[in-house]
Amino acid sequence: MEKLTLALDWTPNANHIGFLVAKENGYYVELDLEVEILSPGADNYQVTPAKKVELGQANFALCPMESVLSYRTKKTAFPLKAIAAIFREDVSAIAVLESSGIKRPKELDGKVYASYKARYEDEIVKSMIKNDDGKGEIEISYPDKLGIWENLLTKKSDATWIFMNWEGVAAEGEGIRLNTFRMTDYDIPYSYSPVVVASEENISKNKTAYSKFLKATKRGFLQAAASPEEAATILKDQVAATDANIDLVASIKESALHFRNEEKWGVMETKNVQQYLDWIYSHNLESEKIEVEDLVTNELL
């Protein structure tokens, strides 16, 4: 039995349902894998998921594509590589409370944005505002990552980045009205988030085991799409106390619309990644040129 560890990018939620279903239903064990799933809630995000891969604390992590590029181009570069995508389309958006009166990105000028402190995040948000004829002049705050949603609800910030299939569903269930702005509606390309990442060295050394991991994971996601009620029962025991009231079935159903694809689950289209890279370079957010093939691989799928 080979032991593998996955570091989640957030406390367990619908984005992770395939991993949780695969573990609970024994899909990993059937392929001689023992998989441990780490939640960032255990250390309150003291070590990021991708950093856990770099430090050898995890075989896999979930993170946005920008983290892969960031690790490849940081001062002491680390060969992080994406091996599968969870969603085919972007399910995230910048969100504000409807009661704020903010109806367009340009109206975020002069407002407070709660940031996750990702390398390119703040400049991406500023670019969205500029693309809506704003100045891109926002105040950036860096709250505790796991408390950012609450930060928005308590009006300590005016806007933040959310997953519509999780916080969006939570807001709807609680009668909280949001205005949301999707990046692609303001000419900012999507390049898969979250993605499953691993070190390039370990991908080469452990192709068989890593391929098995993705095979069982794909089965878990497809099973969740086929039986969202069953999947919700599994997720219920994993979610943080602050998420206890979310309609898990609704969240999983919404998520499944974007990953339910038996033929191409996990596949990252290189043209989409290239469009993202071209945008990053054209906006001078990164100077070191990286090839798409260095960032992503579909070979394990």
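Visitor: Is glutamate 200 buried, partly exposed or exposed?
Guide: Keep in mind that this is a predicted model. Glutamate 200 has a relative accessible area of 27%. Buried means under 20% and exposed means over 50%, with partly exposed in between. So glutamate 200 counts as partly exposed.

Visitor: And arginine 72, is that one buried or exposed?
Guide: Let's use the cut-off again: under 20% relative accessible area means buried. Arginine 72 comes out at 13%, so the label is buried.

Visitor: How many residues apart in sequence are the parts that arginine 72 and glutamate 200 tie together?
Guide: Side chains of opposite charge can pair when their charged atoms come close. Here arginine 72 and glutamate 200 form a salt bridge, with their closest N and O atoms 3.4 Å apart. Arginine 72 sits in helix 4 and glutamate 200 in helix 8, so the pair ties together parts whose separation in sequence is 128 residues.

Visitor: Which side chain meets glutamate 229 in a salt bridge?
Guide: Glutamate 229 is partly exposed, at 45% relative accessible area. Its partner is also partly exposed, at 44% relative accessibility. The N to O distance in this salt bridge is 4.0 Å, and the partner is lysine 253.

Visitor: At what angle do the axes of helix 9 and helix 10 cross?
Guide: These helices touch: Gln223 and Ala224 are among the helix 9 residues that meet helix 10, where Pro228 is one of the partners. By class, the contact has five nonpolar, one polar and one charged residues. The two axes come within 5 Å, and they cross at roughly 115°.

Definitions and conventions. Residues numbered from 1 in each chain as written. Predicted model: local features only at pLDDT ≥ 70, side-chain atom pairs only at ≥ 80, totals over all residues. Heavy atoms only, no water. Axes fitted to C-alpha atoms, helices over the stretch in contact; angles between N-to-C directions. Helix = DSSP H or I, 4+ residues; strand = E, 2+ residues; numbered from the N terminus. Contact = heavy atoms within 4.5 Å. Nonpolar A, V, L, I, M, F, W, Y, C, P; charged D, E, K, R; others polar. Buried < 20%, exposed > 50% of the residue type's maximum accessible area, 1.4 Å probe, protein only.
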